[in-house]
Amino acid sequence: MKPAHRIVFLATLVSVGGLNSLSALGQEIRIIAVDGTRAPGMPAGVTFQPFGLAGLPSINAAGQVAFAASVRGPGVDPEFAIGVWSDRGGDLGPVILPGDILPGEPAGTRVYSAAAPYIAGSGNLTWRAQRRPRTDASN
């Protein structure tokens with residue numbers, strides 16, 4: 001692999017177990033996220049679940065990564081459990097979280113799931129999202 005080429009892939013790590021998101025740069029392999037570990041930007045106890053269900057991760061020429069993942073834990077509504085994370089700001093953090101309210105949509109419309117992120121060379125992100133309107137009586 002040439003120095004300017006970068007790849008991102010999903011792999012099973014036998015020593016850790018589970019399906020994990022990895023980034024490979026030259027001979028260096030950098031672990032980005034591991035299922036069962038805390039999901040940044042989510043409350044304590046909320047963890048990433050097995051990867052690969054929400055599309056493949058994306059990497060740009062600068063080595064910035066974006067991926068979609070499902071989460072589980074205290075306060076997570078199983079109806080709203082897939083979000084997008086990226087390290088484009090330096091540290092891994094959420095871009096759009098399950099249950100986030102979508103701007104420009106009717107009041108209370110929330111992200112049901114987000115998948116298939118793409119990170120451009122500029123660091124801009126796109127992703128596919130499903131939305132659901134709020135369904136309680138106050139809507």
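1. Which pattern does the chain follow, read along the sequence? The pattern is β-β-β-β-β-β-β-β-β-β. The chain has zero helices and ten strands. Please keep in mind that this is a predicted model.

2. Some totals for the chain. Of its 139 residues, 41% count as buried. The accessible surface comes to about 7,700 Å². Carbon and sulfur atoms hold 56% of that surface. Take the contacts between residues at least 6 apart in sequence: 42% of them join residues at least 24 apart.

3. Start with strand β6, residues 65-72. Strand β6 is joined to β7 by five bridges. The two strands run antiparallel. One residue to look at here is Ser-70, which lies in β6. Its bridge partner in β7 is Ile-82.

4. Is Ser-70 buried or exposed? Ser-70 has a relative accessibility of 15%, so it counts as buried; the cut-off for buried is under 20%. Leaving out residues up to four places away in sequence, Ser-70 touches Thr-47, Phe-48, Gln-49, Pro-50, Ala-81 and Ile-82. The bridge partner, Ile-82, is thus among the residues in contact with Ser-70.

5. Now strand β7, residues 82-86. Four of its five residues are buried, so β7 is largely enclosed by the rest of the structure. Strand β7 pairs with β6 through five bridges. It also pairs with strand β8, residues 93-96, through three bridges. Both pairings are antiparallel. Within the β7 and β8 pair, Val-84 stands opposite Ile-96.

6. The hairpin of β7 and β8 has six residues between the strands. Gly-90 of this hairpin takes a positive phi near 115°.

7. Where is the largest nonpolar core built? It holds 16 residues. Met-42, Phe-48, Phe-67, Val-71 and Trp-85 touch the most other members. The elements that give two or more residues to this core are β3 (28-34) and β6. Strand β6 gives the most, with four residues. Met-42 touches Val-71, Val-76, Trp-85 and Leu-97, not counting residues up to four places away in sequence. Phe-48, one of the core residues named above, is also in contact with Ser-70.

8. A second core is separate from that one and has six residues. Ala-68, Leu-102, Val-111 and Ala-114 are among them.

9. Leu-102 deserves its own point. Its place is in the loop between β8 and β9. Leu-102 is buried, with a relative accessible area of 16%. Setting aside neighbours within four places in sequence, Leu-102 is in contact with Ile-96, Thr-109, Arg-110, Val-111 and Arg-131. Val-111 is a fellow member of the second core. How many residues separate Leu-102 and Arg-131 in sequence? They are 29 residues apart, and their C-alpha atoms are 8.2 Å apart in space.

10. Thr-109 sits in the loop between β8 and β9 as well. Thr-109 is buried, with a relative accessible area of 4%. A polar atom of its side chain lies 2.8 Å from the backbone oxygen of Pro-106. Thr-109 is also one of the residues in contact with Leu-102.

11. Next, the pair of β9 and β10. Strand β9 covers residues 110-119 and strand β10 covers residues 125-132. They pair in the antiparallel sense over seven bridges. Tyr-118 has Thr-126 as its bridge partner in β10. Five residues lie between the strands of this hairpin. Gly-123 in the hairpin has a positive phi near 95°.

12. One backbone angle to check by eye is at Ala-116. What is the phi of Ala-116? The value is near 50°, a positive phi in a residue other than glycine. Most residues other than glycine have a negative phi. Ala-116 lies in strand β9. Ala-116 is partly exposed, with a relative accessible area of 35%.

Terms used: Residues numbered from 1 in each chain as written. Predicted model: local features only at pLDDT ≥ 70, side-chain atom pairs only at ≥ 80, totals over all residues. Heavy atoms only, no water. Buried < 20%, exposed > 50% of the residue type's maximum accessible area, 1.4 Å probe, protein only. Contact = heavy atoms within 4.5 Å. Pairing = 2+ DSSP bridges. Areas by Shrake-Rupley, 256 points an atom, 1.4 Å probe, with all protein chains shown as cover. Core = buried A, V, L, I, M, F, W, Y, C linked by side-chain atoms within 4.5 Å. Polar contact = N/O pair within 3.5 Å; in protein donor to acceptor, adjacent residues only side chain to side chain.
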